[in-house]
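The exercises below are to be worked with the sequence and the structure in view. Try each task before reading its solution.

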2 protein chains.
Amino acid sequence: MILLGCPEPPVLIPSFLYLVNLLKNKGYNVFVSANPAALKLIETADSEKYYINGVGFQNIEEGIKNKIDVDKIISFVHNDAGVHYTITYKMVYNTETISLVFGRTINEEYIKELEEEGIKTYSARAFHNPTPIVVKLKKIVNNINCK
Amino acid sequence: MILLGCPEPPVLIPSFLYLVNLLKNKGYNVFVSANPAALKLIETADSEKYYINGVGFQNIEEGIKNKIDVDKIISFVHNDAGVHYTITYKMVYNTETISLVFGRTINEEYIKELEEEGIKTYSARAFHNPTPIVVKLKKIVNNINCK
């Protein structure tokens, strides 16, 4: 499952589509819990559903109440809400959770909070330029080992 | 030709991919002059090139120096630089130019400046939510009539 919060940073939607493609190419089933604004942006970007075909979507709030069966959670974090959702999802789903903390600058406090909750954290300084995020996403996907 | 400046607003890249798809589905040849950061985001979002396959790209600065043959220009404008590039391209290419002015709020000054230069201007109040832009893009594409 990919966790996606507020789409403020311009890199978020492109990076998300990149990650979906990477996971699908590796044969994983992908499910996404997203902020409604992020979901609309995804549907606009991928109007022919080349990337999101076969991907399940739910509202990020709903996903806390209605737990589905997932092996791993990957979460994009760039603000307080992202940290909060990631920790909440980890607790509700009680499964391995990986977060990618990104932004104009990296907030060390976020990394500390996430790691204290047993969430493996990667970080990338990126706001307009997606390359640092792409590099970390490749690393995350290479390191995961789903059933 | 689509003109694409700084990708600060989160709606820009999704809206751009939407427009490319719309134009390709209508059988138009699409060429893009983009800010390098925007180009990287496009390549990350469409990593399999489903949308940008067959689309030509050039740096927005290069496009001013090396004029190619285009029928129409559609330009996304959300800041001063966007206004400036749109007017410059209209002068250099001397062809019909349409601009979509968008942002958290619509800057009437931009619209006035663009229309004074004979640039047909549409506007959409949008920053996170792409729907107002999508509506206008459909209208723009329905109204154009290329050879």
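**Exercise 1. Which residue of chain A comes closest to the rotation axis?**

The model is predicted: local features need pLDDT of at least 70, side-chain atom pairs count only at pLDDT 80 or more, and totals for chains, interfaces and linings use all residues. Residues are numbered from 1 along each chain as its sequence is written, and chains are lettered from A and ligands numbered from 1 in the order in which they are written.

Step 1. Superpose the copies by least squares on the C-alpha atoms of residues with pLDDT of at least 70 in both. A turn of 180° and a shift of 0.0 Å along the axis lay chain A on chain B with an RMSD of 0.0 Å. The two copies are thus related as by a two-fold rotation axis.

Step 2. Of the residues of chain A, Pro10(A) comes closest to this axis, its C-alpha lying at 2.2 Å.

**Exercise 2. Describe the side of chain A that touches chain B.**

Step 1. Count contacts (C-beta atoms, placed from the backbone, within 7 Å). They link 25 residues of chain A with 25 residues of chain B.

Step 2. Assign these residues to helices (DSSP runs of H or I, at least four residues, numbered from the N terminus). At least two residues each come from α1 (12-25), α2 (36-45) and α6 (131-143) of chain A. The most come from α1(A), with 7 residues.

Step 3. Compare the two sides. The copies meet through the same surface, because 100% of the interface residues of chain A are also interface residues in chain B.

**Exercise 3. Work out the strand order of the open sheet in chain B.**

Step 1. Take strands as DSSP runs of E with at least two residues, and call two strands paired if DSSP finds at least two bridges between them. The open sheet has 6 strands in the order β3-β2-β1-β4-β5-β6 (chain B), with parallel pairing.

Step 2. Find the edges. β3 (56-59) and β6 (120-125) of chain B each have a single partner strand, so one side of each is left without a neighbour in the sheet.

Step 3. Examine one pair. Strands β4 (residues 72-77) and β5 (residues 96-103) of chain B are joined in the parallel sense over 6 bridges. Within this pair, Ser75(B) has Ser99(B) of β5(B) as its bridge partner.

**Exercise 4. Which residues does Phe16(A) contact, leaving aside its neighbours within four places in sequence?**

Step 1. With those neighbours set aside, the contacts of Phe16(A) are Ile2(A), Leu4(A), Ile42(A) and Phe76(A).

Note on methods
Two residues are in contact if their C-beta atoms, placed from the backbone, lie within 7 Å.
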